[in-house]
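This report concerns a single protein chain. Please consult the sequence and the structure shown here while reading.

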Amino acid sequence: MDNFAIIYKILKSLEAAMDYDEVDIDSISHERYNITYQRWERIMTMLMDSGYVDGLIYVKSLSDYTPHLAQPVRPFITLKGLE
């Protein structure tokens, strides 16, 4: 699946989740989009770094090539993400 299609679907799910107290993480999981966890994790960190989502915490140690999301994963969409 195209990365931009996945990004659109994640943002769409987060927008729909605004009506609930918390996001159903299964609705935006890597299994749902049939991608690796590593690709999903990288997409989520890019969305946060770009200001489209917030509420994520990620860590990167000296031995890590890319940052890793800290649990629990509770993203929410920002105004920029809604645009």
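The sections below treat the overall fold, the surface patches and selected loop residues.

## Model and overall fold

The structure is a predicted model. Its protein chain contains four helices and four strands. In sequence order these elements follow the pattern α-α-α-β-β-β-β-α. The radius of gyration is 12 Å, close to the 12 Å that the globule rule gives for 83 residues, so the chain is as compact as a globular protein of that length.

Along the principal axes, the C-alpha atoms of the chain fill a box of roughly 40 × 25 × 20 Å. Of the 83 residues in the protein chain, 33% are buried.

## Negative surface patch

A patch of negative charge on the surface brings together Asp21, Glu22, Asp24, Asp26 and Glu31. One of these residues, Asp26, is located in the loop that runs between helix H1 (3–16) and helix H2 (30–33). Asp26 has a relative accessibility of 53% and therefore counts as exposed, the cut-off for this class being over 50%.

## Nonpolar surface patch

Met18, Leu79 and Leu82 form a nonpolar patch of about 320 Å² on the surface. Within this group, Leu79 belongs to helix H4, which spans residues 79–82. Because its relative accessibility is 63%, Leu79 is classed as exposed.

## Loop residues of contrasting burial

Asn34 lies in the loop between H2 and helix H3 (37–49). The phi angle of Asn34 is near 55°, a positive value in a residue other than glycine. With a relative accessible area of 72%, Asn34 is exposed.

Leu56 also occupies a loop, in this case the one between strand E1 (53–54) and strand E2 (58–59). Leu56 has a relative accessible area of 7% and is therefore buried, since burial requires a value under 20%. In relation to Lys80, Leu56 stands 24 residues away in sequence, and the C-alpha atoms of the two residues are 16 Å apart in space.

## Summary

The chain combines four helices with four strands, and 33% of its residues are buried. Its surface carries a negatively charged patch that includes Asp26 and a nonpolar patch that includes Leu79. Among the loop residues described, Asn34 is exposed, whereas Leu56 is buried.

Conventions:
Residues are numbered from 1 along each chain as its sequence is written. This is a predicted model: local features need pLDDT of at least 70, side-chain atom pairs count only at pLDDT 80 or more; totals for chains, interfaces and linings use all residues. Side-chain values use heavy atoms; hydrogens and water are left out. Patches are made of residues with over 30% relative accessible area and no salt bridge: like charges are joined within 9 Å, nonpolar side chains (Val, Leu, Ile, Met, Phe, Trp, Tyr) within 5 Å. Accessible areas come from the Shrake-Rupley method with a 1.4 Å probe; for residues, only the protein chains shown count as cover. A salt bridge is a side-chain nitrogen of Lys or Arg within 4 Å of a carboxyl oxygen of Asp or Glu. Lys and Arg count as positive and Asp and Glu as negative; His and the chain ends are not counted. The place of a charge is taken as NZ of Lys, CZ of Arg, CG of Asp or CD of Glu. Helices (H or I, at least four residues) and strands (E, at least two) are DSSP runs, numbered from the N terminus. Buried means under 20% relative accessible area, exposed over 50%, partly exposed in between (1.4 Å probe, protein chains only). The radius of gyration is taken over C-alpha atoms; the globule rule is 2.2 Å times the number of residues to the power 0.38.
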